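Colleague: I am new to this structure, and I would like to ask how its descriptions are justified. Could you show it to me?

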2 protein chains.
Amino acid sequence: MKRIADSTVRRLSMYLRYLEDLDTRGQQTASSDELAHLCGTTPAQVRKDLSFFGSFGKRGLGYPVHELTAHLREILGLQREWKVIIVGAGKIGAALANYRGFRQRGFTVVGVYDHDPAKVGKAWGDATIRSMDSLAQDIQREEAPIAVLAIPAENAQAVVDQIVAAGIRAILNFAPTQISVPPHVSLKSVNMAMELEGLSFALTNAGLLDQGAA
Amino acid sequence: MKRIADSTVRRLSMYLRYLEDLDTRGQQTASSDELAHLCGTTPAQVRKDLSFFGSFGKRGLGYPVHELTAHLREILGLQREWKVIIVGAGKIGAALANYRGFRQRGFTVVGVYDHDPAKVGKAWGDATIRSMDSLAQDIQREEAPIAVLAIPAENAQAVVDQIVAAGIRAILNFAPTQISVPPHVSLKSVNMAMELEGLSFALTNAGLLDQGAA
DNA sequence: CTAGCTTTGTGAAGATTTTCACAAGCACCA
DNA sequence: TGGTGCTTGTGAAAATCTTCACAAAGCTAG
């Protein structure tokens, strides 16, 4: 099987979101053109993306919304529940622990962990904050495959090494630093400062042609 | 001037982060090889990225750390202060308002806004939560060019239209929905559920070759 | 001053991703 | 049953991004 590009997976995820909307509203079929318009891409792109995984559409008609939704869920591995642990009970950790979008998609937070003894034991939504000491065994006991890292950059790599050793298989990293993992562990990083810097660049370089800011 | 790829800008941002570290530690020069290693890319990529903007290095020696740091700051438009407003005083808004990384990089939060009358007036870090009604005039008075959107998907496009009309020039969107802006406004979206789904996909498709999870 | 070692800057090659364009397939209608 | 209109699926072309490979340039030592 050919390798699937990261950008493709991202778009599949977006298609799924909008297909679910259409499905809820009872729409039977959707054309690549309609999906493309909703998702801000092109019809050809939609068709190419989907065609990696099979022929889901009917020519002349479009794609069956409900059926394609199910197919995409399966492709993305969302037909099951994923157990997730959150490491770091700061503001970002709080936002993530409460995020409805996760649960809606089948991601269940089974534990929140923090270094700080003052926070350990406090209830937080459904979960109670636990000590980092129990992190490794909890990963193994719960068989949680995914960890979300919401801790400062300094400790990040050390914590990663720890949870990788405990058997974690995927990490979503919010710490603003490069971290490295063995090849069998998947890693995605989100860096908010970096995103803002991208905007700063865009503003600065449009500004040269446009009107210089004060 | 040739168009700069988004991925290039992202890497520049990363180079800057690590160069600052090196600079703090007093290191004089850094080779493309060293930078690449720190940032998880290749030496050729580093050189190519930098060469878009000029010749900053010395052959046989590498790049002068302090000088290149300054160049990158200028390229990214970080030599000035950027005023930022945050729309949405939920958990995500809270995390962003408190995020040190923003201020460190020259992004100053000049206002936090929320729809909910119960929240309006409360102090939040340095800022006080204000009503959405004052949003438009505040953008104009403060000349804040950047908005961070941390609100539910439903209202997102409406709020965007509002702040675009008020003269915002860049938006960092955390609402899990596609939004559209006129061409003179820059837009970046961060979607945490989508990132997790990317991990789910990776796990699912590695799992077929590896050992299926329970 | 020259030889030797190192590292940049960059055209060209290679790889990947997106767009184009059109034949093939399906539904509907008369 | 055959014609018409629409939309998919997909090779091929175009565009974009990354890697390669090497000449040019600087530094050090003798």
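Modeller: Here are some questions on the two chains, the DNA strands and the cavities, with their answers.

Modeller: A word on the ground rules comes before that: this is a predicted model, in which local features need pLDDT of at least 70 and side-chain atom pairs count only at pLDDT 80 or more, while totals for chains, interfaces and linings use all residues. Residues are numbered from 1 along each chain as its sequence is written, chains are lettered from A and ligands numbered from 1 in the order in which they are written, and side-chain values use heavy atoms, with hydrogens and water left out.

Colleague: How do you know how chain B is related to chain A?

Modeller: Copies are superposed by least squares on the C-alpha atoms of residues with pLDDT of at least 70 in both. A turn of 180° and a shift of 0.0 Å along the axis lay chain B on chain A with an RMSD of 0.0 Å. The two copies are therefore related as by a two-fold rotation axis.

Colleague: Why do you say that the copies meet through the same surface?

Modeller: Because 98% of the interface residues of chain B are also interface residues in chain A. Contact here means heavy atoms within 4.5 Å.

Colleague: What makes a residue count as near a DNA strand?

Modeller: One of its heavy atoms must lie within 4 Å of the strand. By that rule 24 residues surround DNA strand D, and among the closest are Ser32(A), Arg47(A) and Arg59(B). Sugar and phosphate make up 64% of the atoms of DNA strand D that come within 4 Å of the protein. For DNA strand C there are 25 surrounding residues, with Arg59(A), Ser32(B) and Arg47(B) among the closest, and the sugar and phosphate share is 63%.

Colleague: Which element gives the most to the surface near DNA strand D?

Modeller: That is α3(B), with four residues. A helix is a DSSP run of H or I with at least four residues, numbered from the N terminus. Near DNA strand C, α3(A) gives the most, also with four residues.

Colleague: What makes a pair of atoms a polar contact?

Modeller: Two N or O atoms must lie within 3.5 Å. A polar side-chain atom of Arg47(B) is 2.8 Å from a base nitrogen of DNA strand C, and for Arg59(A) the distance to a base nitrogen of that strand is 2.9 Å. On DNA strand D, a polar side-chain atom of Thr42(B) lies 3.3 Å from a phosphate oxygen, and a backbone N or O atom of Phe56(A) lies 3.2 Å from a phosphate oxygen.

Colleague: Why is a space called a cavity?

Modeller: Because, on a 1 Å grid over the protein atoms alone, it is a set of points where a 1.4 Å probe fits but cannot get out. The whole structure has three cavities of 30 Å³ or more, and the largest has a volume of about 70 Å³, where a volume is the space filled by probe spheres set on the points.

Colleague: What lines the largest cavity, and how are its residues classed?

Modeller: Lining residues have an atom within 4 Å of a point. They include Ile92(A), Phe174(A), Ile92(B) and Phe174(B). The lining divides into 10 nonpolar, no polar and no charged residues, where Ala, Val, Leu, Ile, Met, Phe, Trp, Tyr, Cys and Pro count as nonpolar, Asp, Glu, Lys and Arg as charged, and the others, Gly among them, as polar.

Conventions
Polar contact = N/O pair within 3.5 Å; in protein donor to acceptor, adjacent residues only side chain to side chain. Helix = DSSP H or I, 4+ residues; strand = E, 2+ residues; numbered from the N terminus. 1 Å grid on protein atoms, 1.4 Å probe; cavity = no way out; pocket = protein on both sides within 12 Å on 5 of 7 lines; lining within 4 Å.
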